[in-house]
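Trainee: I have a new model open and would like to talk it through with you. Shall we look at it together?

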Amino acid sequence: MLKLLLPLLVTPLMAQATKPAPKSSSEIPAKREFPLNSEISPCQNFHQYVCSKAEGAFKLREDRSRHLFAFSDSRERLLETQMKFMKELPHQKNLDERTAQVRDYYLACMDSTAKARDEKAEVKKLKAELDQIKSLEEFILYAHAQMPRGLGGLIRLWPTNNLDNPKEIDAMLYSSLMELPDHKYYEQKDLMADYEKQLVLFFQSVDPKIKKADAVKKAQAQIALEQDFIKVFPVTAVRHQRWSEKRVASQKDLVKKYPNLKLDVLFKYAPEKLAVNTPIPESLDFLNAELPKRDLQIWKDAYLYGALSGVMDDGYPKFFASQFAFEKKFFGGPAQRPVRQERCTSEATRLFSKEIDAVLIEKVFPNFDESKVNEVASRIRTSILQGLEKNTWLSKDGKKEALAKIRTARLQLVKPHNDREWDFLPVKKYSIKQAIQNLRTYREARWEKSMQEMREPANMDAWGMSPLTVNAYYSSNENKFVLPIGILQFPFYDKDGSVIENLGAVGAVVGHELGHSIDDSGSKYDSQGRLRTWMTTRDIMEFNLRGQKMIEQFNKADHDGKLTLGENVADLVGLTFAYNAAFPEGKGSEKDKKDFFVAYGRLWCEVIRPDNAKLLRKTDPHSSGPARINEQVKQQPAFAETFQCKAGDPMTLQEKDRVQIW
């Protein structure tokens with residue numbers, strides 16, 4: 001999935017427009033300038049031509065790992081508004097129930113003393129409960145019983161759209177024992193040595209009486225468990241593909257296949273008729289085989305670490321500092337933490353995003369005119385349809401289905417318009433003193449909502465993102481594109497900008513997301529969102545051949561071309577059809593065409609910590625900012641023509657080497 005400040009805004013977001021020039025290179029201006037670098041030829045390196053001056057003048061904050069300007073500028077402005085809102089919230093009277101939840105959750109987070117006490121109580125309680133367990137069966141039943149209480153188990157269960165009829169619901173069953181973000185990290189000796197120290201410190205923190213040698217043994221047993229697990233756990237690129245593959249079984253068959261997992265107990269929470277999707281059966285195979293082979297204490301320790309390591313903060317400063325340093329050293333984590341008020345605001349807005357956005361949206365974007373956004377989206381859809389009509393390699397039936405997908409795709413733009421689209425969480429009572437209990441209560445609400453969803457037809461109207469999210473997405477099993485208002489800030493969108501520039505920016509986003517409907521995964525779903533092969537064998541062979549060329553090009557650009565294929569295809573579709581929408585039959589002035597490509601390029605200007613960049617290369621299906629610019633514009637004949645590039649320039653490709661999927 002993908003990610004303009006409107007001069008119209010009059011809230012604290014707009015107040016930035018009246019401030020003096022930024023005092024620091026990391027301060028966020030109302031509308032960032034992206035001066036072009038005239039010393040660099042756009043034909044040599046378009047990323048450097050568009051971004052190098054903005055990137056060079058920017059100093060990354062010590063409490064940030066990455067600043068992707070188009071996304072991060074907008075997010076930082078919104079965060080300022082959210083922080084002001086949260087700070088004032090405790091003083092507001094007559095709050096409705098939904099907003100009162102947010103206030104109480106935030107207040108508990110801000111009380112560091114109470115939170116430290118609550119963390120210690122949670123650790124003591126969970127450890128005591130696990131110490132009472134004497135058999136494997138007891139342990140499995142205990143883990144299953146914790147799920148409705150807000151704690152996860154070794155296995156996760158949640159609702160998902162039925163692959164044959166997305167208006168109906170199936171259950172999803174998933175498990176992972178891999179704590180590090182990618183298989184390759186387990187091969188780094190220095191990282192694994194520090195990881196062992198972190199685990200040792202964890203066991204010493206939850207049990208101060210434990211001997212150092214015993215803590216080391218526990219840590220080594222956990223690492224051995226993870227290392228054995230990743231031998232069967234698919235790598236990131238393969239897992240990414242699994243979500244668009246069908247591995248469905250009945251509850252009865254799974255109970256029989258995995259007797260050691262006691263799935264009959266877990267399935268009591270779901271309607272008996274629901275089929276179960278298992279995208280990573282290797283995980284379940286591993287658990288079923290290994291549970292009786294390994295000492296019970298190893299499984300209890302794994303459960304304890306998974307349940308507690310992410311919430312041990314104020315009450316366990318030494319352990320938290322170890323985790324923070326580990327993230328910084330190996331994954332490009334920030335050099336310091338944000339201030340507490342920001343952390344608590346971010347946590348509350350992450351969990352209660354829709355509840356907060358419902359209050360803030362009209363204050364942040366008052367009287368927002370949706371007509372220009374609708375026009376851009378309509379023009380992009382028309383452009384893709386025209387392009388598909390001209391397609392020369394799809395079969396007749398394949399072209400018919402591709403056209404149907406784009407023609408019938410639902411566009412949910414700007415904001416939800418009713419409660420069914422908002423899709424709020426159940427209202428719960430939260431404490432102003434018990435932060436960890438609040439987290440459990442929140443998870444209980446999510447579990448309650450999930451179990452209710454399993455008993456009803458799928459809500460195809462629900463927004464999967466809250467409207468102030470600086471992002472957008474396409475849902476294959478709903479054939480739906482969602483464009484939240486949060487992304488409609490500069491440089492993605494400019495209310496006062498030209499249609500050409502908006503097509504080059506937010507238009508490319510619309511094209512990108514609709515492009516997901518016909519990328520390597522989306523093309524497996526038909527216009528009704530069913531997992532169904534609608535391309536002929538010959539179509540698929542040609543699609544894969546064209547896709548392979550893109551894989552190879554991004555491999556040469558130091559990326560995992562297979563992992564990033566879907567996003568790269570979507571970028572290609574977005575840029576190509578946004579250009580066609582802006583310049584029908586290629587007609588338009590040279591200035592407008594240059595403005596178009598510059599508007600696209602500045603979407604991906606970024607400053608990032610090196611180790612964070614390495615992490616994203618291993619785990620993120622999106623390519624890096626420079627690659628999303630350079631590797632895409634070189635596919636466009638119009639780019640070379642517009643900037644008068646010569647054959648052999650780095651930003652050009654011979655016609656035979658260009659990738660044209662659709």
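**Pocket, core and loops**

Mentor: Happy to! This is a predicted model, and a good place to start is the second largest pocket, which holds about 1,000 Å³ of space.

Trainee: Which residues that line the second largest pocket are the closest to its centre?

Mentor: The lining is made up of 34 residues. By class, 14 of them are nonpolar, twelve polar and eight charged. The closest to the centre are T576, F577, N580, Q636 and Q660.

Trainee: And which element gives the largest share of that lining?

Mentor: Four elements give two or more residues each: α17 (371-389), α22 (537-556), α23 and α27 (637-642). The largest share is seven residues, and it comes from α23.

Trainee: Let's turn to the largest nonpolar core. Which helix gives the most to this core?

Mentor: That core has 187 residues, and F46 and W662 have the most contacts inside it. It draws at least three residues from each of domain 1 (111-331) and domain 2 (369-423 + 459-657). With ten residues, the top contributor is the helix spanning residues 565-582, α23.

Trainee: What is W662 in contact with, leaving aside its neighbours within four places in sequence?

Mentor: Its partners include G387, L388, N391, W393 and L394. Further along the chain, they also include I518, W534, M535 and F543. The list is completed by V573 and F577.

Trainee: How many residues of domain 2 are in contact with domain 1?

Mentor: Taken over C-alpha atoms, the centres of the two domains are separated by 36 Å. On the domain 1 side, 21 residues take part in the contacts; on the domain 2 side, the number is 20.

Trainee: Now a loop residue. Is S476 buried or exposed?

Mentor: S476 sits in the loop between β7 (473-475) and β8 (480-484). Not counting residues up to four places away in sequence, S476 touches G522, Y525 and G529. Its relative accessible area is 17%, and the cut-off is under 20%, so S476 counts as buried.

Trainee: N94 and N479 each have a positive phi. Is N94 buried or exposed?

Mentor: Neither residue is a glycine, and phi is about 60° for N94 and about 45° for N479. N479, in the loop between β7 and β8, is buried, with a relative accessible area of 2%. N94 lies in the loop between α3 (69-88) and α4 (97-110). Because its relative accessible area is 80%, and the cut-off is over 50%, N94 is exposed.

Terms used:
Residues are numbered from 1 along each chain as its sequence is written. This is a predicted model: local features need pLDDT of at least 70, side-chain atom pairs count only at pLDDT 80 or more; totals for chains, interfaces and linings use all residues. Side-chain values use heavy atoms; hydrogens and water are left out. A nonpolar core is a set of buried Ala, Val, Leu, Ile, Met, Phe, Trp, Tyr and Cys residues joined through side-chain atoms within 4.5 Å. Buried means under 20% relative accessible area, exposed over 50%, partly exposed in between (1.4 Å probe, protein chains only). Domain bounds come from an automatic or database domain assignment. Contact means heavy atoms within 4.5 Å. On a 1 Å grid over the protein atoms alone, a cavity is a set of points where a 1.4 Å probe fits but cannot get out, and a pocket is an open set with protein on both sides within 12 Å along at least five of seven lines; lining residues have an atom within 4 Å of a point. Grid points are joined across faces, edges and corners, and a volume is the space filled by probe spheres set on the points. Ala, Val, Leu, Ile, Met, Phe, Trp, Tyr, Cys and Pro count as nonpolar, Asp, Glu, Lys and Arg as charged, and the others, Gly among them, as polar.
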